[in-house]
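Please open the model in your viewer and set the side chains so that they can be shown one residue at a time. The tour below tells you what to select at each stop and what you will find there.

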Amino acid sequence: AAALLVAIALPLAVALVASLAPERELFGGGARIPSELTAEHYEILFTERDFWTPVRNSLVVAAATTILCVAIGSACAYALARLRFRGRHLVLGAMLAVSMFPQISIVAPLYLLLREVGLIDTYPGLVLPYLTFALPLAVWLLVGYFRQLPPELEDAAIVDGASRLRVLWEIVLPLAMPGIATTAILTFVYCWNEFLFALSFTTTHERHTVPVAVALFRGQFQIPWGQILAATIVSTLPVLALVAAFQ
């Protein structure tokens, strides 16, 4: 566990220290510890780069996708876990197949479709494609969790007159909250880190997400590594906050 912690935390620690170092000392050789600490990279990030806009866009898209995935996925997963109907396993297999489909193979058709309906460079134009890959994962995770819950509690509520929807809302969802929290975290992290769809379906800075904005920092003759490292640290904070909130 200690070795794994070091392997995960060391790159972040190096990035944090390097983001506070002057640009001239990042690749100048010699001592790895900077002679002085400066916040110039962070200042440039939020004054000249307007990094708040990509952070806002990522938060809006990731939060909207997560809410829709949890809401729709919970209902779908409960039906697949508890109701008996023909083709139930086929539906699960089809959803798994969708989640395994390579994104690059459907970028062009999705782009043409979104352009026809006027959703290029919009929030729905990112949320809808994200749902196609995040929702199957959410359903699969929640199906496994719902199956672990004792069905006797639901049967007792149904005998007392509760509908299936009320059983789901008042009994199943509160008991499945750890699984729902896990699903929400994984969905949010997937949407926050997604790059290919965000690069393909957004065309202006006003709709770029964090990964796309960081990728576009590179200039023709120079790579601002200090600003990229600072952006890396800033983009990690919302994910850390989410995990801590759902802990």
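Begin by selecting R164 and E154, which form a salt bridge whose closest N and O atoms are 3.9 Å apart. R164 lies in helix α8 (residues 164-175) and E154 in helix α7, so the pair ties together parts that are ten residues apart in sequence. As you look at these two side chains, keep in mind that the model is a predicted one. The two partners differ in their surroundings, for R164 is partly exposed, with a relative accessible area of 36%, while E154 counts as buried at 3% relative accessibility.

Keep E154 on the screen and add R82, which also forms a salt bridge with E154, here with the closest N and O atoms 2.9 Å apart. This pair links distant parts of the chain, since R82 sits in helix α3 (residues 52-82) and E154 in helix α7 (residues 151-159), 72 residues apart. Is R82 buried or exposed? R82 is buried, and so is E154.

Now move along helix α8 and select R166 together with E170, whose side chains meet in a salt bridge of 3.2 Å from N to O. R166 and E170 are four residues apart in helix α8, so about one helical turn separates them. Both ends of this bridge can be checked for exposure: R166 counts as partly exposed at 48% relative accessibility, and E170 is partly exposed as well, with a relative accessible area of 45%. If you return to the earlier stops, you will see that salt bridges sharing partners join R82, E154 and R164 into one network. How many salt bridges are there by this rule? The count comes to three.

The next stop is R88, a residue of helix α4 (residues 88-100). R88 is buried yet has no salt bridge, and the nearest side chain of opposite charge, that of E154, is 12 Å away. Because a salt bridge requires the side-chain nitrogen and the carboxyl oxygen to be within 4 Å, you should look elsewhere for the polar partner of this arginine. Select L80, whose backbone oxygen lies 3.1 Å from a polar atom of the side chain of R88. Setting aside neighbours within four places in sequence, R88 is in contact with L80, L83 and R147.

Then go to D121, which you will find in the loop between α5 (107-116) and α6 (124-148). D121 is likewise buried without a salt bridge, its nearest side chain of opposite charge being R207, 5.6 Å away. Which side chain shares a polar contact of 2.7 Å with D121? That side chain belongs to T204. Beyond the neighbours within four places in sequence, the contacts of D121 are F201, T202, T203, T204 and R207.

From that loop, follow α6, whose 25 residues reach 34 Å from the first C-alpha to the last, close to the 36 Å expected at 1.5 Å a residue. Pause at T132, where α6 bends by about 40°, and notice that a proline, P136, follows within four residues.

Finally, zoom out to the whole protein chain, which has twelve helices and zero strands. Its C-alpha atoms fill a box of roughly 75 × 50 × 25 Å along the principal axes, and buried residues make up 39% of the 247 residues.

Terms used
Residues numbered from 1 in each chain as written. Predicted model: local features only at pLDDT ≥ 70, side-chain atom pairs only at ≥ 80, totals over all residues. Heavy atoms only, no water. Helix = DSSP H or I, 4+ residues; strand = E, 2+ residues; numbered from the N terminus. Buried < 20%, exposed > 50% of the residue type's maximum accessible area, 1.4 Å probe, protein only. Lys, Arg positive; Asp, Glu negative; His and termini not counted. Polar contact = N/O pair within 3.5 Å; in protein donor to acceptor, adjacent residues only side chain to side chain. Contact = heavy atoms within 4.5 Å. Expected span 1.5 Å × (residues − 1). Bend = angle between axes of the 7 residues up to and from the residue.
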